[in-house]
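Reader: I would like a close look at one part of this model. Please keep it brisk, and set the scene before going in.

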Amino acid sequence: MAYRGVRFSAAILIGLCLAACVTRQDHVLAPAAEGLVIDTATGQPIAGAEVRYVELGSATPIMTDAEGAFTLEGRTERRTRVVLPVSGVYRDSAMVQASAPGLADGYATAGFINGLGPEAALYPVIVLMFPADAPETPLHALMQDCVEGPRQHHALQMVAYVAGLDAADPPPWLNPDTAEGLDEHLGRVLPSSGFQKCARMSEAWALYKSQTAVLWTVRTARQASETR
């Protein structure tokens, strides 16, 4: 009987806690973001490209201006949730998609901090776009058995493209902040765990790391200059 009484009391305490901890909080579906759409064939910004958040499929796309720049409005909704000690603020992201005639769709990630209400992206969002008939890359050959969908195909094109950039003399749009954004996007679309599905996993991972090293070099350039 004593055990049953303890169990009953514990159930009451848990019920009271849940009642007290259930609240309505802002959840960011997509952050406010600014960015640039780049034609990798020319290195120039693309005017008139349509840009949207994938998560907000019903939203009207935004057109890039004459300089290839765009501004995406964020969207936040109120959600009922149970607040636990481990919940609250966390890093999140939303997928950006760009479309333009003659080019394959381009993708990018807008990283942000969720849990504090309306948020802005942590960095400018750079969308790299490739010709619709762009040839496959060496990484495609190593990952032909484990690549799924247009986002991953686009990411492999990105890897080959950034490998050709000079970290000592990067294009105007590439800086520590945008390098972070490109690196985060690749990490989300091509996570390290995804390489385990590839028959040539070791070769693919080694090539991926070597070809994306330029992003890490650019990302750490600011930190190196500040410590001098």
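Reader: How many helices and strands does the chain have? Then take me to the largest cavity: which residues line it?

Author: First, the ground rules. This is a predicted model, in which local features need pLDDT of at least 70 and side-chain atom pairs count only at pLDDT 80 or more, while totals for chains, interfaces and linings use all residues. Residues are numbered from 1 along each chain as its sequence is written, and side-chain values use heavy atoms, with hydrogens and water left out.

The chain has 6 helices and 10 strands. Helices are DSSP runs of H or I with at least four residues, strands are runs of E with at least two, and both are numbered from the N terminus. Of the 228 residues, 38% are buried. Buried means under 20% relative accessible area, exposed over 50%, and partly exposed in between, with a 1.4 Å probe and protein chains only. Take contacts between residues at least 6 apart in sequence: 67% of them join residues at least 24 apart. A contact means heavy atoms within 4.5 Å.

Now the cavity. The count is 1 cavity of 30 Å³ or more. A cavity is a set of points on a 1 Å grid over the protein atoms alone where a 1.4 Å probe fits but cannot get out; lining residues have an atom within 4 Å of a point. The largest cavity holds about 40 Å³ of space. That volume is the space filled by probe spheres set on the points, which are joined across faces, edges and corners.

Its lining is made of A108, T109, Y123, P124, V125, I126, T178, G181, L182 and H185. Two or more residues each come from β9 (106–114), β10 (125–129) and α4 (176–189). Helix α4 gives the largest share, 4 residues. By type, the lining has 6 nonpolar residues, 4 polar and no charged. Here Ala, Val, Leu, Ile, Met, Phe, Trp, Tyr, Cys and Pro count as nonpolar, Asp, Glu, Lys and Arg as charged, and the others, Gly among them, as polar.

Follow β9 outward from the cavity. It belongs to an open sheet of 4 strands, ordered β5-β4-β8-β9, with antiparallel pairing. Its edges are β5 (62–63) and β9, each pairing on one side only. Two strands pair if DSSP finds at least two bridges between them. Strand β8 (residues 90–99) joins β9 through 9 bridges. One partnership there sets S93 against G111 of β9. Further along, 4 bridges join β4 to β8, with V51 partnered by A98 of β8. On to β5: it pairs with β4 over 2 bridges, and E50 is matched with M63 of β5. Strand β4 (residues 50–53) has two faces: V51 and Y53 are covered, E50 and R52 are not.

Now follow α4 the other way. Residue V189, along with C146, V147 and L190, is touched by Q152, not counting residues up to four places away in sequence. Q152 sits in helix α3 (residues 149–163). Its relative accessible area is 17%, so Q152 is buried. After α4 comes the loop to α5 (201–211), where S192 lies. S192 is partly exposed, because its relative accessibility is 48%. From S192 to Y208 is 16 residues in sequence and 9.9 Å in space, C-alpha to C-alpha.

Methods: 1 Å grid on protein atoms, 1.4 Å probe; cavity = no way out; pocket = protein on both sides within 12 Å on 5 of 7 lines; lining within 4 Å.
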